[in-house]
Structure formats: structure tokens, C-alpha cells
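This briefing goes through one protein model by topic, from residue contacts to cores, backbone features and pockets. Please read it with the sequence and the structure side by side.

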Amino acid sequence: MKTLIVHAHPEPKSLNGSLKDLAVSTLEAAGHEVRVSDLYAMNWKAVVDAADYGPEASSPLRVARDSGRAFEAGALTPDVRAEQEKLLWADTIIFQFPLWWYTMPAILKGWVDRVFTYRFAYGVGEHSETKYGERFGEGTLAGRRALLSVTVGGPASHYSARGINGPIEDLLFPFQHGILYYPGIEVLPPFVLHGTDRLTDEEYPEVAKAWEQRLLTLESTEPIAFRPQNFGDYEIPSLHLKEGLEPTGRTGFGLHVRG
């Protein structure tokens, strides 16, 4: 297994840093290849601008179109090209990050904004009466699997179906479905640690044991059963889920998961 770990926490000695290091050592000890993109250590530039696209940048800047032209012309900046190459190299991607203000840290979102360019991560495939591009189950990154490893400060009850913060599955849906599944990556159930603001040194060994177990079962874990776009569940071109396919009583984001 070839694993890319995208790590987004500014403190190397943090819980996130420890989980990243444990992932590297556990996977390498099991015979897997590992590469790490430590975004803060890399001083990753988080904002998209015309400099990303070199001579392919237009004025006014048109991010989607210009990023696609730059990708096809090989004109993207070296840091972005390097991350795209890592994604193509990997068969598994682990994202290690804390949940800040209900979402990923800005530096990680900036990594997505700059690396998932047009013609690389989206805007590919046939558009016709039966297909609406290669996305949501198809695409450039199909055949890969991803796992979100997320630390959450609050207790699990706050992130339950009736919790005030909303279900953790809903908070992670934009990342898991809208960013990862969109270009074809299969998404494994996330590894979520709650109450991490109060985690003690004495409790960490149990956390580490659970994380090691998840890492060693990555290849046998079933992905979330998101519905593929072009295989009959959705009307095209409206992309509405066909009537009667939803389980009784299911609404919202859960409509887009089978079973």
C-alpha cells in the first residue's frame, strides 16, 4: 500500500502530530510506503492567485478555466504539481487535522483549492444525456481510498443526531462527499476522536491502540456507500435522486448514501 498523509496542525508536539507520527511508523513497520505532506512545516501557501497559473493566468482571473489550462500546459507552480503527483502515486490518502469552527483548518482547505485544479480533479469526462461528467464515483482519482482522522474538542454527545453542533457525519459530508468522492476517491468511515481538549497522557495509549487498529485494517475496511452519479440512482441532467430509492425516513445528506 502506498499512503500519502496530508497533515494540518501547526504544533509538531500536538495530538495531531503524534497521530501523524504513529501512522507513519505503524504503516512502515507493516511494509507500506508512506509520504507525508506536513502543510505547516512546508509553509504551504493557502490562497489561490494568478501566480499559481503562470502564463496561463488571465486578466481578469478565471480560476477554474485558468487552472485547467495551466494543468494541461504543465504550467502550475512546482508545489502544486508535486502534490498532484503524490496523489497519483498514492492508493490511500490519510488526512490528519483538527476540527476548527466546524470544518478543516484554512491551510488544508487552501491545499484543496490549489491542488484540486480543473481538468485534474474536476471538469473531466463525457457530458451527455446519460452522463454528467466523470465525478461522484468516477474521475481522475478513482481507485484510491481516503480516510479522515479528525480530532474534536467537544464531547461526542454534542455531535450526535440531536446534538447542538449537528451530527459529525453532516459536518464531514462536504469533505468526504463533495471533495473526495467527487473526483472518484472511495472514502472510508472516519476516525474521529472526541473530547480531545481534555485528553490526558494516561488516556493516550488507548487512543494510540485504536488508531493502530484502524491503520492496520485500512485495506479491508468497507468504504462509505455513497451513491455513484452515473449508474442509475440519479435523474440526469437534474441530478435529483430518483423517487423511492431513499430508505424510509431518511433525509438530508443521508439520501446520498446507499443502504
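In this predicted model, Leu215 makes contact with Leu22, Ala23, Thr26, Leu27 and Ile94, once its neighbours within four places in sequence are left aside. Leu215 belongs to helix α6 and counts as buried, because its relative accessibility is 2% and the cut-off for burial is under 20%. The points below start from this residue and its partner Leu22, and then turn to other parts of the model.

**Contacts between helices α1 and α6**

- Leu22, one of the residues that Leu215 contacts, is located in helix α1, which covers residues 15-29.
- Leu22 is buried as well, with a relative accessible area of 14%, a value that falls in the buried class because that class takes in everything under 20%.
- Seen from Leu22, and again without its neighbours within four places in sequence, the contacts are Tyr204, Ala208, Trp211, Glu212 and Leu215; helix α6 itself is made up of residues 204-216.
- Two C-alpha distances help to place this pair in the chain: Leu215 and Arg144 are 15 Å apart in space and 71 residues apart in sequence, while Leu22 and Leu99 are 19 Å apart in space and 77 residues apart in sequence.

**Nonpolar cores**

- The largest nonpolar core contains 44 residues, and Phe95, Leu108 and Trp111 are the ones with the most contacts inside it.
- At least two residues of this core come from each of β1 (2-7), α3 (78-89), β3 (92-98), α4 (106-115), β4 (145-151) and α5 (168-181), and the most is given by α5, which supplies 7 residues.
- Leu108 touches Val6, Ala8, Leu39, Phe95, Phe97 and Phe175, when residues up to four places away in sequence are not counted.
- Another core of 19 residues lies apart from the largest one, and it includes Ile5, Leu27, Leu147 and Leu218; of these, Leu27 is also one of the contacts of Leu215.

**A buried serine in strand β2**

- Ser37 is part of strand β2, and Ser37 is buried, its relative accessible area being 0%.
- Apart from residues up to four places away in sequence, Ser37 touches Leu4, Ile5, Val6, His7, Met42, Glu83 and Lys86.
- One of these contacts, Lys86, is 49 residues away from Ser37 in sequence, and the C-alpha atoms of the two are 9.0 Å apart in space.

**Backbone features**

- Ser59 and Pro60 are joined by a cis peptide bond with omega of about 5°, and Pro60 is placed in the loop between β2 (33-38) and α2 (63-73).
- The loop between β2 and α2 also holds Asn43, a residue that is not a glycine and yet has a positive phi of about 55°.
- Asn43 counts as exposed, because its relative accessibility is 67% and the exposed class begins over 50%.
- A cis peptide bond also joins Ile236 and Pro237, here with omega of about 15°, and Pro237 belongs to the segment after α6.
- Leu239 is likewise found in the segment after α6, and its phi is near 60°, a positive value in a residue other than glycine.
- With 22% relative accessibility, Leu239 counts as partly exposed, because buried residues must be under 20% and exposed ones over 50%.

**Pockets**

- The largest pocket holds about 250 Å³ of space, and the residues that line it are Glu169, Asp170, Phe173, Gln176, Pro189, Pro190, Ile224, Phe226, Thr251, Phe253, Gly254 and Val257.
- Sorted by class, this lining has 7 nonpolar, 3 polar and 2 charged residues.
- The second largest pocket holds about 180 Å³, with a lining that includes His9, Ser14, Leu15, Asn16, Pro98, Leu99, Trp100, Thr151, Val152, Gly153, Thr196 and Asp197.
- The lining of the second largest pocket has 5 nonpolar, 6 polar and 1 charged residues.

**Annotated span**

- An unreviewed UniProt entry gives the feature "domain: Flavodoxin-like fold" at residues 1-215.
- In the model, the end C-alpha atoms of residues 1-215 are 11 Å apart, and this span is 34% helix and 14% strand.

Technical notes: Residues are numbered from 1 along each chain as its sequence is written. This is a predicted model: local features need pLDDT of at least 70, side-chain atom pairs count only at pLDDT 80 or more; totals for chains, interfaces and linings use all residues. Side-chain values use heavy atoms; hydrogens and water are left out. On a 1 Å grid over the protein atoms alone, a cavity is a set of points where a 1.4 Å probe fits but cannot get out, and a pocket is an open set with protein on both sides within 12 Å along at least five of seven lines; lining residues have an atom within 4 Å of a point. Grid points are joined across faces, edges and corners, and a volume is the space filled by probe spheres set on the points. Ala, Val, Leu, Ile, Met, Phe, Trp, Tyr, Cys and Pro count as nonpolar, Asp, Glu, Lys and Arg as charged, and the others, Gly among them, as polar. UniProt positions are given in the numbering used here, feature names are shortened, and annotations may be inferred rather than shown by experiment. Helices (H or I, at least four residues) and strands (E, at least two) are DSSP runs, numbered from the N terminus. A nonpolar core is a set of buried Ala, Val, Leu, Ile, Met, Phe, Trp, Tyr and Cys residues joined through side-chain atoms within 4.5 Å. Buried means under 20% relative accessible area, exposed over 50%, partly exposed in between (1.4 Å probe, protein chains only). Contact means heavy atoms within 4.5 Å.
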